[in-house]
Every structure is written in C-alpha cells, then in structure tokens.
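Work through these exercises with the structure in view. Try each task before you read its solution.

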Amino acid sequence: MPKSDNINRIIDHKLFSEDDIHNMCVRLGKQLTQDYAGKKPLVVGALKGAIFFLTDLTRQMDVDEEMDFLDVSSYGNSMKSSGTVKLISDMATDVKGRDVLIVEDVVDTGLTLKFMKDLIGGRGAKSVKCCALLNKEVNRTVDVDVDYYGSKVGNEFVVGYGLDFMNYFRNIPYVGVLKPEIIKEFNNK
Ligand code: XMP
Ligand code: MG
C-alpha cells in the first residue's frame with residue numbers, strides 16, 4: 001500500500017506515531033527484561049493483530065525467549081466483539097510449567113484475553129501474563145488483568161500497526177482512527 005494518499009483517505013487522525021510506538025516498545029521491553037530475568041518465557045502472539053507489536057517488542061527484550069502463536073477470534077469481520085471467543089488455530093508448544101507472556105494488540109471487552117489466559121493456565125503454565133499495545137479499559141466487561149500495556153485508548157476504533165478493519169489496513173505504520181465514511185463504504189459492500 002502506498003504510504004501517503006491512500007492512508008490519508010482512510011485515517012481520520014493519528015493516535016500514536018511510529019516514534020510513540022517505538023518508545024512504548026523500548027519502555028515495555030526494559031520492564032519485561034527485568035521481570036523475566038533468569039527465566040525463559042514463552043511469548044505467545046495473538047494472531048493476527050499482534051504480529052507487528054510482537055516483532056518490535058521482543059527485540060527490546062533481553063531474555064532467552066521462545067515464541068509461539070495462537071489464533072483466537074471474537075470479532076469475525078465486524079467491529080464489535082461477538083461475545084463468543086473461538087480458537088481458530090492452536091499453538092504447538094507445551095505450556096506446562098512455563099512462564100507465558102501473551103502479546104496482544106488491544107484488549108477491549110477482555111473476553112479474548114480471558115479465554116487465552118484460562119486456556120493457557122488450564123494447561124498448567126507456571127505464570128500467564130499479558131502485554132498489550134493498547135488497553136481499551138472503558139469497554140471492559142470481564143475481570144482480567146492486562147499486566148503490561150503501551151497506552152490506554154478510549155472507545156474508538158483504531159487501525160494500523162497490525163490492527164485491522166475487516167482484515168484490512170494492518171500495514172499502516174502507525175495507529176490511527178478510521179474515517180467514518182470508510183466504515184460506511186465497507187458496510188455498503
Ligand atoms: P476483546 O473484546 O475480546 O477484543 O477484548 C479483543 C480483540 O478485538 C479486536 N479489537 C480491535 N481491533 N481495532 C481493531 O483493529 C480496535 O479498535 C479493536 N478493538 C478490539 C482485537 O483484535 C483484539 O484482539
Ligand atoms: Mg482484530
């Protein structure tokens with residue numbers, strides 16, 4: 001995707017620039033390096049939204065870590081959580097006895113994170129924590145800890161840096177708010 005005209009057509013305003021995101025990764029990476037010192041965490045990325053954040057965050061973590069991925073969906077192709085979380089694709093690694101760090105793009109209602117924490121905890125992980133880029137705390141409906149996060153966000157639909165609308169716009173290099181007319185355009189298709 002060209003990085004100018006097309007993005008201007010889609011994004012209403014920028015929320016977090018590439019520099020903002022980089023600074024979040026550096027800060028979180030330092031904290032996680034301290035907290036996981038001497039451990040060998042298993043970093044589990046929540047597909048597909050977390051892949052950009054995971055690659056930048058883990059390169060700021062100076063610990064021996066393994067990586068795996070889970071594909072869990074509560075949205076389908078809509079903008080509101082469906083309320084039911086589905087396991088689309090499981091990870092291969094045995095989590096028994098492991099310190100697991102789930103990496104998420106955004107925690108909204110908290111349903112997806114709770115599902116993943118329960119799944120991994122139920123399989124006997126030693127610890128299960130989450131590091132999310134964004135924390136949409138105002139929308140939380142279930143009680144679940146977002147142990148680490150880059151920033152809080154309000155109740156607006158954000159795209160870019162892995163975050164999607166109908167599976168599009170993940171490759172926008174920063175996080176922005178989608179223009180309402182783009183949402184209408186897609187809904188009329
Ligand atoms: P829940 O409600 O289960 O949702 O906490 C978490 C998942 O919902 C997606 N989500 C968003 N995706 N822009 C997006 O692109 C948003 O503003 C947004 N809010 C929630 C996201 O995939 C997350 O994993
Ligand atoms: Mg998503």
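**Exercise 1. Residues with positive phi**

In which loop is tyrosine 161 found? Say also whether tyrosine 161 is buried or exposed, then treat phenylalanine 169 in the same way.

*Solution.* Keep in mind that this is a predicted model.

Step 1. Place tyrosine 161. Its loop runs between β8 (158–159) and β9 (175–178).

Step 2. Read its backbone. Tyrosine 161 is not a glycine, and yet its phi is positive, about 50°.

Step 3. Count neighbours. The cut-off for a buried residue is 20 or more other C-beta atoms within 10 Å. Tyrosine 161 has 24 other C-beta atoms within 10 Å, so it is buried.

Step 4. Repeat for phenylalanine 169. This residue lies in the loop between β8 and β9. Its phi is positive, about 75°, although it is not a glycine. It has 22 C-beta neighbours inside 10 Å, so it counts as buried.

**Exercise 2. The chain as a whole**

How many helices and strands does the protein chain have? Check its radius of gyration against that of a compact globule.

*Solution.*

Step 1. Count the elements. The protein chain has five helices and nine strands.

Step 2. Read them from the N terminus on. The order is α-β-α-β-α-β-β-β-α-β-β-β-β-α.

Step 3. Compare radii. A compact globule with 189 residues would have a radius of gyration near 16 Å. The protein chain has 16 Å, so the two agree.

Step 4. Look at the extent. Along the principal axes, the C-alpha atoms fill a box of roughly 50 × 35 × 30 Å.

Step 5. Look at burial and contacts. Of the 189 residues, 37% count as buried. Take the contacts between residues at least 6 apart in sequence: 67% of them join residues at least 24 apart.

**Exercise 3. The open sheet**

In what order do the six strands of the open sheet lie? Name the edge strands.

*Solution.*

Step 1. Write the order. It is β4-β3-β2-β5-β6-β7, with mixed pairing.

Step 2. Find the edges. β4 (86–89) and β7 (148–152) each pair on one side only, and they are the edge strands.

Step 3. Note the twist. Ignoring direction, neighbouring strands of this sheet are turned by 30° against each other on average.

Step 4. Follow β2 to its partners. β2 and β5 run parallel and are joined by four bridges. One pair of bridge partners is glycine 45 and valine 103 in β5. β2 and β3 also run parallel, with six bridges. Here leucine 42 has glutamate 66 in β3 as its bridge partner.

Step 5. Ask how enclosed β2 is. Five of its six residues are buried, so β2 is largely enclosed by the rest of the structure.

Step 6. Leave β2 at its end. A cis peptide bond joins leucine 47 and lysine 48, with omega about -5°. Lysine 48 lies in the loop between β2 and α3 (51–58).

**Exercise 4. Helix α4**

What span should helix α4 have at 1.5 Å a residue? Then list its buried residues and what covers them.

*Solution.*

Step 1. Work out the span. Helix α4 (residues 111–122) has twelve residues and should span 16 Å. Its end C-alpha atoms are 16 Å apart, which agrees.

Step 2. List the buried residues. They are Leu111, Thr112, Leu113, Met116, Lys117 and Ile120.

Step 3. Find the cover. It includes β2 (42–47), β3 (66–73), β5 (99–107) and β6 (127–135).

Step 4. Look past the helix. Glycine 124 follows α4, and its phi is positive, near 90°.

**Exercise 5. Inside the core**

How many residues has the largest nonpolar core? Which residues are in contact with leucine 101, leaving aside its neighbours within four places in sequence?

*Solution.*

Step 1. Start with the rule. In soluble globular proteins, nonpolar side chains tend to be buried together.

Step 2. Size the core. The largest nonpolar core has 51 residues. Among those with the most contacts inside it are Phe53, Val103 and Ala132.

Step 3. Take leucine 101, in strand β5. It has 28 other C-beta atoms within 10 Å, so it is buried.

Step 4. List its contacts. Beyond neighbours within four places in sequence, leucine 101 is in contact with Pro41, Val43, Lys129 and Cys131.

Note on methods
Residues numbered from 1 in each chain as written. Chains lettered and ligands numbered in written order. Predicted model: local features only at pLDDT ≥ 70, side-chain atom pairs only at ≥ 80, totals over all residues. Helix = DSSP H or I, 4+ residues; strand = E, 2+ residues; numbered from the N terminus. Expected span 1.5 Å × (residues − 1). Buried ≥ 20, exposed ≤ 12 C-beta atoms within 10 Å, placed from the backbone. Contact = placed C-beta atoms within 7 Å. Pairing = 2+ DSSP bridges. Axes fitted to C-alpha atoms, helices over the stretch in contact; angles between N-to-C directions. Core = buried A, V, L, I, M, F, W, Y, C linked by C-beta atoms within 7 Å. Rg over C-alpha atoms; globule rule 2.2 N^0.38 Å.
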